[in-house]
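Trainee: I should like to learn how to read contacts and helix faces in a protein model. Where should one begin?

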Amino acid sequence: MSNLDSTTPTALVTGGSRGIGRAVALTLARDGYQVILTYVSRPEEADKTVAEIEAAGGRALALPLNVGDGEAVAAFFAEHIKGKVNLAVLVNNAGIGSYATWEELSDAELRREVELDFLAPVALTKELLGCVAAARGAVINISSAAAYIPVACMGAYNAVKAALRMFSVTLQMEVAGRGVHVL
């Protein structure tokens with residue numbers, strides 16, 4: 001598994017090749033974590049982030065993963081995480097946003113947004129929570145101010161980010177006694 005080892009605390013950042021995910025991956029690497037970042041498209045951006053982490057003396061690996069595909073997530077866990085790295089931080093960052101009124105929003109767009117922005121982080125957290133708990137680590141779910149203050153023509157985004165926020169709040173209560181931090 002590249003230059004990653006099984007003892008150094010590891011952070012998994014979904015959507016880690018650009019934007020917020022990239023910034024989080026770089027910060028975690030600077031803080032001493034080895035980083036696995038996932039992407040769906042633009043592998044060159046993921047490779048650039050890995051190169052930047054490695055140039056600074058860190059360890060990183062970029063791997064393709066469609067977090068909305070449950071079978072792919074289970075296979076990813078078995079192949080790259082379980083027993084292979086010390087997963088201490090899970091950052092659920094991958095996501096999308098639709099700009100449309102509720103009337104204009106297609107059912108397919110709504111389902112895609114719910115799947116990627118809410119159901120996928122829940123499924124990934126459930127799959128990896130045991131590893132994070134063993135490391136007494138953290139689950140970080142990237143939500144949005146839209147979870148608190150709705151934005152017109154982004155109703156689906158507002159709704160799924162509010163759902164992700166409530167998932168995070170209840171997960172925090174449920175795992176507090178296990179030493180897992182939820183942000």
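Mentor: Begin with a definition: two residues are in contact when heavy atoms lie within 4.5 Å. Bear in mind that this model is predicted.

Trainee: With which residues is Glu 113 in contact, leaving aside its neighbours within four places in sequence?

Mentor: Glu 113, found in helix H4 (residues 107–134), is in contact with Ile 96, Gly 97, Ser 98, Phe 118, Ala 156, Tyr 157 and Val 160.

Trainee: Which side chain of opposite charge is nearest to Glu 113?

Mentor: A salt bridge requires a nitrogen–oxygen pair within 4 Å. The nearest side chain of opposite charge is that of Arg 112, 7.4 Å away, and the buried Glu 113 has no salt bridge. The side chain of Glu 113 does make a polar contact, at 2.7 Å, with the side chain of Ser 98.

Trainee: How does one read the faces of a helix?

Mentor: An α-helix has 3.6 residues a turn, so residues three or four places apart point the same way. In helix H2 (residues 43–55), the buried residues are Ala 46, Thr 49, Val 50 and Ile 53. These cover an arc of only 100 degrees around the axis, which means that they lie on the same side of H2.

Trainee: Which residues are exposed on the other side of H2, and what covers the buried ones?

Mentor: Glu 44, Lys 48 and Ala 55 are exposed on the other side of H2. The cover over its buried residues includes helix H1 (19–30), strand E2 (34–39) and strand E3 (60–64).

Trainee: What follows H2?

Mentor: Gly 57 follows H2, with a positive phi near 95 degrees.

Methods
Residues are numbered from 1 along each chain as its sequence is written. This is a predicted model: local features need pLDDT of at least 70, side-chain atom pairs count only at pLDDT 80 or more; totals for chains, interfaces and linings use all residues. Side-chain values use heavy atoms; hydrogens and water are left out. Helices (H or I, at least four residues) and strands (E, at least two) are DSSP runs, numbered from the N terminus. Buried means under 20% relative accessible area, exposed over 50%, partly exposed in between (1.4 Å probe, protein chains only). Lys and Arg count as positive and Asp and Glu as negative; His and the chain ends are not counted. A polar contact is a pair of N or O atoms within 3.5 Å; within protein, one must be able to donate a hydrogen and the other to accept it, and residues adjacent in sequence count only if both atoms are side-chain atoms. The expected span of a helix is 1.5 Å times one less than its number of residues. The arc is that of the directions from the helix axis to the C-beta atoms.
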